[in-house]
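Student: Please take me through this model term by term, and set each label against its cut-off before drawing a conclusion.

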Amino acid sequence: MTEDPLTGGKRPEHQVRLGQGPRTRRDVLTKVLWIGVWLVFLSSPVDDLVNGDHTARATLAGSLGLAAFVGTYLALVFRNMGRPFAPRTVVGLIAVLAVLAPVLAYTLGSAWLGLFVYLSVACGATLPVRASYWAIPATAALMYLVGLHSNEKEARGLLLLVGLIGFAMVGVGQLVRTTIELRKARATVAQLAANEERLRLARDLHDLLGHSLSLITLKSELAGRMLPGHPDKAAQQVADIEQVSRQALVDVREAVTGYRRPRLADELAGAQVALTAAGVVAEVPAEPDLAGVAEEAESALAWALREAVTNVVRHSGADRCAVRLLRRQTLDGPVLELCVEDSGSGGSGKGPGNGLTGLTERLEKAGGTLEAGRVRDGFRLVARVPTAAGADIGSGA
């Protein structure tokens, strides 16, 4: 069994897929049998060679011509359904069939008119749709003209069959081409899904580890300064480092398995700890009002708060930071706004980094927006997510 790349289901390995060449001996036998069924129209030419009143030279020439016709037909139809020939090759092979069919039918008799059925099938299965629209009627007309020389009644009886079976193969050819395009689209979707998962994992690890490692670095520096005179306080900092490290390990494991959804209340408490440890005077609300806020939107705000606090601690050089949660009514409806404003420089980068880029993508998926930039007294990050229409509009925390 093989696994379906999109649905994860199991498909039998022996299944012969449209638009693909045979990959196993079983596939080859299946396709040979499928195509061989349609060789029934060769029974008349073969019977004519065996029992007809032809000279030895005519019989030999007819046998060689029939072998060449069948070989060309099988090569064209059998291979072209899996690994298409170049357009010029297809036209050349059809031209060979278009020469052999009338020559054999004209010289050896009406028993050979069935070769035009195969010519019509080849035109319908391998030519572009527009080209087959005129090639199939032309095949039927040529068959009728050749039949006038030997047996007009039999030619008239085959006229409708040649046309119908040719246009039926146009539908089969379209089905094969559509199947090939769908298979390519399926592979593209699977690749995009894999890329999206990689992006999610990279974004989660950046946000998780950036915050945790910054906090560990700060507490390590504090413990180093406290060791000579305040071993008890240094021991507390080391205990905090151990706790942060363990939590970071849990967060990374959850992120890898796709279950990580940070809560805004937890991130507010973590922001207070991180800012205080960095010596930043923090103004952080206690309990957020999340009425009417979807879980995905809350998660996006939590990631935004984590990234903002990490940037304040690592890059800004700020000594004050204020975190505010406000409910606002905008033209697009009610929103919950997270504003993180500090007195620092906002970092030395000339453009948005990976963290802000990832935040923008997270918030867009939740229907929110992100604004970040320098203000007169420092740097401000504002993230907004939609809330339910029935939620109260107030000042928040």
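Student: What makes Arg130, Trp134 and Leu145 of α6 count as exposed or buried?
Tutor: Arg130, Trp134 and Leu145, on the other side of α6 from its buried residues, are exposed, a label that calls for over 50% relative accessible area (buried is under 20%, partly exposed lies in between, with a 1.4 Å probe and protein chains only). Bear in mind that this is a predicted model, in which local features need pLDDT of at least 70, side-chain atom pairs count only at pLDDT 80 or more, and totals for chains, interfaces and linings use all residues. Residues are numbered from 1 along each chain as its sequence is written, and side-chain values use heavy atoms, with hydrogens and water left out.

Student: Which residues of α6 are buried, and how do you know on which side of α6 they lie?
Tutor: The buried residues of α6 are Ala131, Ser132, Ala135, Ile136, Thr139, Ala140, Met143, Val146 and Gly147. They cover an arc of only 155 degrees around the axis (taken from the directions from the helix axis to the C-beta atoms), and therefore they sit on the same side of α6. As a general point, an α-helix has 3.6 residues a turn, so residues three or four places apart point the same way.

Student: Why is Ala135 called buried or exposed, and what does Ala135 touch?
Tutor: Ala135, found in helix α6, has a relative accessibility of 7% and therefore counts as buried. Once residues up to four places away in sequence are set aside, Ala135 touches Cys123 and Leu127, where contact means heavy atoms within 4.5 Å. The C-alpha atom of Ala135 also lies 9.2 Å from that of Gly166, a residue 31 positions away along the chain.

Student: How does the span of α6 compare with the expected one?
Tutor: Helix α6 (residues 129-150) has 22 residues and reaches 32 Å from its first C-alpha to its last, which is close to the 32 Å expected at 1.5 Å a residue, the expectation being 1.5 Å times one less than the number of residues. Helix α4 (residues 87-108) likewise has 22 residues and a reach of 32 Å, close to its expected 32 Å, and its buried residues include Val90, Ile94, Leu97 and Ala101.

Student: How do you know whether Gly173 is buried or exposed?
Tutor: Gly173, which lies in helix α7 (residues 152-226), has a relative accessibility of 5% and so counts as buried. The C-alpha atoms of Gly173 and Leu127 are separated by 8.5 Å, although the two residues are 46 positions apart along the chain.

Student: What makes Thr387 buried or exposed?
Tutor: Thr387 is in the segment after β7 (378-386), and its relative accessible area of 11% is why Thr387 is called buried. Apart from neighbours within four places in sequence, the contacts of Thr387 are Gly292, Val293, Arg327, Pro334, Val335 and Leu336.

Student: At what angle do α9 and α10 pack, and what is that arrangement called?
Tutor: Helix α9 (residues 264-277) and helix α10 (residues 295-316) pack at about 5 degrees, with their axes 9 Å apart; axes are lines fitted to C-alpha atoms over the stretch in contact, and angles run from 0 to 180 degrees between N-to-C directions. That angle makes α9 roughly parallel to α10 (under 35 degrees; over 145 is roughly antiparallel, 65 to 115 roughly perpendicular and the rest oblique). Among the residues making the contact are Leu268 and Ala271 of α9 and Leu305 and Val309 of α10.

Student: How many helices and strands are there in the chain?
Tutor: The chain has eleven helices and seven strands, taken as DSSP runs numbered from the N terminus (helices H or I, at least four residues; strands E, at least two).
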